[in-house]
Amino acid sequence: MSILSPAIIDSLPYLFSGIFITLGLVILALGLGLMMGIPMSLIQVYGPRPLEYCIRTYIWIFRGLPILVLLFLFYFGIFPMFAPDVGPFWIAAVVLGFRTAAYQSEIFRGAIQSISEGQMLAARSLGMSRFCAIRTVILPQALRRALPGWTNEYPILLTDSSVCYAIGVAELLTRGNQIVARIGDPMTVYIIVAILFILLNYGGQWIFGRIENRYTIPGYGHGDA
Amino acid sequence: MVMHEMTDSEIILRVEDIHKCYGETEVLNGVSFNVRCGETKVFIGPSGTGKSTLLRCINQLTVPDSGSIWLNDEEVTHSGPLINQFRQKIGMVFQNFNLFDHLTAVGNVEIALIRVKGMNKADARKKALLELSQVGLLDKANAYPAELSGGQAQRLSIARALAMDPEVILFDEPTSSLDPELTREVLEVMRRLARAGMTMLVVTHEMGFALSVANEILFMEHGKIVEQGSPSDIQTSPAFARTRQFLGTFHDD
């Protein structure tokens, strides 16, 4: 295509490899958020009061602060002090993960609380311990209910991840900026960056849609209500 | 025929002086009775008189304020973590079925066999299918609860309770959320169970079932047992006007 100058075409491989950095950030953050969010939600619903308050404070902080503030706090403050060898990519993944954990915990808490009390009663009446009932009866249902809300974290993280440009993570936007600085033509470069974000978004939503369908149970969740 | 005299068989469940308050409201006000092996006791009475709370106290889903429950001379109340063992021996069937919505019919029955009894999956599946066939649901083994009629759902929940091989089953208004047609199929399963010698405590408003199946009918009011006796006693000589009134409303149906 004529609008793509040779200089831009030459720099495309460099830009495209930013996809892996961006996706890596998002996947790591989603995973960390999931691993933290589920236990946090369980503590919120079933845990002892003091722990519950700790979790609520955590959520309050990580939902209340702008990402950029969190990034700078961790990149310039916390990590240099406690773990100076960690690079910006991992710091960004941790910050995004901590942040989405706060949101995910609330998603899972809502889902757990939407499961009727009778499910727990029935499980306990069969001799299940509280823990066993949560694991085999409550969580499998709650996670299904949480799935639509949870998958919404993907586009949010994906778009938020571009902020990591500010601490020098070589993700899509950072690479786009570098190319613009080198060869100019910001319009073309940023349109390409935008298209890549949209494709990543679309692809991810397609995958999550498949996962939702895979775990759909007759009469449960979709469309009946 | 149903045997109404069960004085010979041994007492397996003792309920002694159960009290339970919710705030100011005294829901159970000193309830005591014994249950003999193979007996069917039916609890009747106006709504809000503590019948369901009483059943829940027996398996400790509701912890009574005072009084004690004994299963085979072992104390169920104050049993700590041992309660999970007692509950395996005390099945429960709920008014709203409370089936596990994310599991198929056979999954509902086998889950506790696997997770609680530690049975291997093949044996659990075999036993679950057997229990399903007992309640006439073998062809629905792979259906999810949402795909079942109310009657099928309640029969499934009976199968789920039966699979644990309980010594007694508590039925908490098992047909109250069903229409008459579906009620019949559930009562039929319960009637068969009673005839087969299962020990059952049933809270119900189905007087026909109570009169034809119960060994003893207990009439509860204001958290107390105010009248108890065999169906013929209750039917012919109700000592309390309210009992008469209560039964009367059902005979008029």
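## A walk through chains B and A

Start by selecting chain B and colouring its strands: six of them form an open sheet of mixed pairing, in the order β6-β7-β8-β3-β9-β10. Keep in mind throughout that this is a predicted model. Now pick out the two rims. Strands β6 (90-93) and β10 (224-229) of chain B are the edge strands, each with a pairing on one side only. Look at how the sheet twists, too: ignoring direction, neighbouring strands are turned by 20° against each other on average.

Next, go inside the sheet and select residues 40-44 and 216-221 of chain B. These are strands β3 and β9, which run parallel and are joined by four bridges. For one specific pair, label Ile44(B), whose bridge partner in β9(B) is Phe219(B). As a reminder, strands of a sheet pair through backbone hydrogen bonds, either parallel or antiparallel.

While the sheet is still in view, add residues 150-162 of chain B. That is helix α5, which packs on the sheet and touches β6 and β7 (168-172) of chain B. The direction of α5(B) makes about 170° with that of β6(B).

Step back from α5(B) along the chain and you reach a loop. Select Ala143(B), found between α4 (121-134) and α5 of chain B. Is Ala143(B) buried, exposed or partly exposed? Ala143(B) counts as partly exposed, because 18 C-beta neighbours lie inside 10 Å, and a buried residue would need 20 or more. Leaving out residues up to four places away in sequence, Ala143(B) touches Thr104(B), Ala105(B) and Leu148(B). Try a distance line to Gly107(B) as well: the two C-alpha atoms are separated by 9.6 Å, with these positions 36 residues apart along the chain.

Time to cross to the other chain. Show the contact between A and B, to which chain A gives 20 residues and chain B gives 21. On the side of chain A that touches chain B, the elements giving two or more residues are α6 (117-125) and α7 (130-151) of chain A. Colour that side by class and you get ten nonpolar, eight polar and two charged residues.

Now show chain A on its own. There are ten helices here and zero strands. The C-alpha atoms of chain A fill a box of roughly 70 × 45 × 25 Å along the principal axes. Buried residues make up 32% of the 225 in this chain. Among contacts in chain A with a separation of 6 or more, 78% link residues 24 or more positions apart.

Three spans deserve their own colour. An unreviewed UniProt entry annotates residues 12-36, 57-78 and 187-208 of chain A as "transmembrane region". Compare two of them in the viewer:

- Residues 57-78 of chain A are 91% helix, and their end C-alpha atoms lie 19 Å apart.
- Residues 187-208 of chain A are 100% helix, with end C-alpha atoms 31 Å apart.

For the last stop, select residues 153-160 of chain A, helix α8. Which residues of α8(A) are buried? They are Glu153(A), Tyr154(A), Leu157(A) and Leu158(A). Turn the view to look down the axis of α8(A): the buried residues fall within an arc of 130°, so they line one face of the helix. An α-helix has 3.6 residues a turn, so residues three or four places apart point the same way. To see what covers the buried residues of α8(A), add α2 (18-46), α5 (88-114), α7 and α10 (186-214) of chain A, which are included in that cover.

Key. Residues are numbered from 1 along each chain as its sequence is written. Chains are lettered from A and ligands numbered from 1 in the order in which they are written. This is a predicted model: local features need pLDDT of at least 70, side-chain atom pairs count only at pLDDT 80 or more; totals for chains, interfaces and linings use all residues. Two strands pair if DSSP finds at least two bridges between them. Axes are lines fitted to C-alpha atoms, for helices over the stretch in contact, and angles run from 0 to 180 degrees between N-to-C directions. Two residues are in contact if their C-beta atoms, placed from the backbone, lie within 7 Å. Ala, Val, Leu, Ile, Met, Phe, Trp, Tyr, Cys and Pro count as nonpolar, Asp, Glu, Lys and Arg as charged, and the others, Gly among them, as polar. A residue is buried if 20 or more other C-beta atoms lie within 10 Å of its own, exposed if 12 or fewer, and partly exposed in between; C-beta atoms are placed from the backbone. UniProt positions are given in the numbering used here, feature names are shortened, and annotations may be inferred rather than shown by experiment. The arc is that of the directions from the helix axis to the C-beta atoms.
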